[in-house]
Amino acid sequence: MPTETFEFQVEARQLLQLMIHSVYSNKDVFLRELVSNASDALDKLRLAKLRDGGLDADTSDPHIEIELDREARTLTVRDNGIGMSYDEVGQLIGTIANSGTAAFLAELKEARDQAGAEGLIGQFGVGFYSGFMVADEMTLVTRRAGESTGTRWSSRGEGTYTLETADDAPQGTAVTLHLKAADPENQLHDYTSVWTVKEIVKRYSDFITWPIRLLPGEGDGDGKGDGESGTAPEPETLNSMKALWARPRDEVSDDEYHELYKHVSHDWRDPLETIRLQAEGTFEYQALLFLPAHAPHDLFTRDSRRGLQLYVKRVLIMDDCEALLPPFLRFVKGVVDAQDLSLNVSREILQQDRHIRMIQRRLTKKVLSSVKEMKTKDADKYATFWREFGAVLKEGLLGDPDSRDALLAVSSFASTHAEDEPTTLQQYVERMKDGQDDIYFMCGESRQSIENSPHMEAFRARGIEVLLLTDPVDEVWVDAVSEFEGKRLRSVTKGEIDLDAKDGEQADEEREKQAEEYGGLLGWMKEQLAEDIKDVRLSTRLTVSPACVVSDAHDLTPALENMYRAMGQEVPATKRILELNPGHPLVRSLNEAYREREDHAPLVDTAELLYGLAVLGEGGRPKEPARFVQLVAQRLEHAL
C-alpha cells in the first residue's frame, strides 16, 4: 500500500502546537506516557492470549525496550505487546482529533494561568502526543499480534501525518522520537543520556509489571561489547518490577517494606508502623502506608510537601497527591495504586473526583483504626506516635467532623490524675466523681504553669481531675468538640463554675450572705476597672489566691486572640471577668475598708493591684507594667 498523507483537523493542529510549545514544566513525563502505553499493550496481549489460545502471538518474553542513539539523537520505546492494525493506528493514534479536543481548547482559553492550562492537559489526556514536547518528529511502527503486515505512522506535528504499510515490522509497537536539542533552561533535558533515562524510569515506572530494558548502544557510550569474547553486552533492566503493595503480606519482608518507606519518604529511619489496604469491587485500588517514627522538621510549615504517591496500574502519576489524605494525616507516607483512574488526571480534577474522595475516607478510617489497634496492643509504640504526631492529629477534631469520634477514641491527654501517664476521655469518664457532670480541662503553655494556676485551686482541693492541654491547637478544637459520651467539655477558666452546687441549702445560704456582704465592693470595683473588665464577682474556684480573671463561657481566651492576631486576623479585644476569693484575708480586709470608709479613693490603687495580681497569676501581663511595679513598690515601702 502506498504512503498516504492525512491532515489533522484544525482543532487537532492547535492542540499539537500547544504540545510543541508545551505549557508542561515537567517534560520528563513523555517517557512515562510512552512506557505506560507499552505496558498497556503487553497487558492487552496477555488478556487476548487467555481468551484465544489459538492466537498466533509470541508471549515467551513480554518486555519493553528503550534504545538510545546519541549521534542520531533518537529515543525509541519498543514493546512486543498487542500492536495495532492499519485501521487501528488511524483510529487510536488519531483520537486526538475526536476525543474532546474542542472542549479542551474552549476551556484552555478560559484558563487564566499556566497552572490551569497544565491541569487541563492532564484532564483531557494527550499521552502519546506528549512526545512532541521533546521531539521534532515522531515515528511509530507497529504490527498487531496475529497479523502479518505492519503499519508505519509518522508526523512532524505540523498539521499532517503519513500512514504506510511496513512488511518487516515485528509484533508490537515501536515509537521513535527524533529529539530536539537539549535546553536545560526550559527543562528540556538530554534524553539520549543513559543517566537521565534511568532516573526517569526509576522515578515513574519502577513498579511496572513488565521488565523495562535499556539496550546497549550509542546512548551509553559503551556499545562495543566484550572485546575478548566477542559477545554483545546484555540489555540492562531498569525497573525493579516489585510492586510491594500488590504482593501477599507473607511474601514481603519487613526490610523490603522499610526500604520502600525510605525511598518514598527520604527518611533514613525505619517506619513506626506499616499499613496495608486492598479495596475490591466497583473501584479497585491498593494502598501501602507508613507511619513515621519521628515528625519531620517541616510538619507545621505551611508550604511543606505532603501527600502520597499516586500510581495508576503501577505507573506513578503524582509524587505528592494531597487529595488522598486529609491535612491532619499529612505526616503519613506511602503509595496508592488505583486501577480505574486516568493517567493524565490533574490535581484540580483529583480534588473533585468522587473515587478519590472515597479513597480518602477509606484511608483515613484505616489509619485511625490502625492507631487505635496500636494503642491497645503496643502502648510504647502508641506513646511514641502520640508524642510525635498527637498535636497534628488533633487538628482533625476541628476540621473533620466525620472523623471526630474516631479521633477522640485514639487521642490521649495529660491529666492531673497521673503525672507520667496520659489519659483518654473514656478513662476520664470512668473515673468521674459521683455527681460530676462535666469533663474539665485547662489550656496553657506547660503542665507546670497550668498546675500552678489559681483556676486549679478548687479542683485540686476537691480532687477533681482536670485535663492539661498544652498544644496550641488545643485552644481551638475544644470549642468545636462540645461533649463526649453526653458529658460536656468545660474549661476551668471560662464561665461560672460552682463546685459547691451539690452541697445543699447551707451552701446556698452562705453564698447569698456573701453576695449581700460584698455587693457594694463588687459594684464599686466594676466601676473603677471598667476599662479592663466587664464584671466583678465572687469566685467559687479559688481557695488560696485572692483573685483571678476568667472569660465568659463563649468568649475567646487571650491565647486564642493572640493566635488569631499572629495569623493576621483582626480580633477585637475581649473584656474579661475579675473573680474575688471572699475567704482570702486581702479581699476581706479590702471589703471591710470599703464598708467602713466614706472616701474610697485611697482604695483605687489596691483594686488595681488586685486585678494586676490576677493577670500575673494566669501568666498574663499587666496593661501598664511600669505603673504596676510602681504600685507594688509603694505598698512595700509602707509595709516596712
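## Helices, strands and the whole chain

Let's start with the building blocks: 21 helices and 23 strands make up the count for this protein. Keep in mind that you're looking at a predicted model.

The chain has 640 residues, and 48% of them count as buried. As for the outside, about 32400 Å² of the protein is exposed, with carbon and sulfur atoms supplying 46% of that area. How do the contacts spread along the sequence? Take the contacts between residues at least 6 apart in sequence: 71% of these join residues at least 24 apart.

## Where α2 meets α6

Now for a pair of helices. Two packed helices are described by the angle between their axes and by the distance between those axes. Here, helix α2 covers residues 29-51 and helix α6 covers residues 194-205. Their axes come within 10 Å and cross at roughly 65°. The crossing of α2 past α6 is right-handed.

Which residues do the touching? On the α2 side they are Val29, Leu31, Arg32 and Val35. Across from them, α6 brings in Val197, Ile200, Val201, Tyr204 and Ser205.

## A nonpolar patch on the surface

Further along the chain, have a look at Leu586, Leu613 and Leu616, which form a nonpolar patch on the surface. Together, these leucines have about 230 Å² of accessible area.

Let's pick out one of them, Leu613. This leucine sits in helix α20, which runs over residues 604-617. Its relative accessible area is 41%, so Leu613 counts as partly exposed. Patch members need over 30% relative accessible area, and the 41% of Leu613 fits that cut-off.

Terms used. Residues numbered from 1 in each chain as written. Predicted model: local features only at pLDDT ≥ 70, side-chain atom pairs only at ≥ 80, totals over all residues. Heavy atoms only, no water. Patch = residues over 30% accessible without salt bridge, like charges linked within 9 Å, V, L, I, M, F, W, Y side chains within 5 Å. Areas by Shrake-Rupley, 256 points an atom, 1.4 Å probe, with all protein chains shown as cover. Salt bridge = Lys/Arg side-chain N within 4 Å of Asp/Glu carboxyl O. Helix = DSSP H or I, 4+ residues; strand = E, 2+ residues; numbered from the N terminus. Buried < 20%, exposed > 50% of the residue type's maximum accessible area, 1.4 Å probe, protein only. Axes fitted to C-alpha atoms, helices over the stretch in contact; angles between N-to-C directions. Left-handed = near helix turned anticlockwise from the far one by under 90°. Contact = heavy atoms within 4.5 Å.
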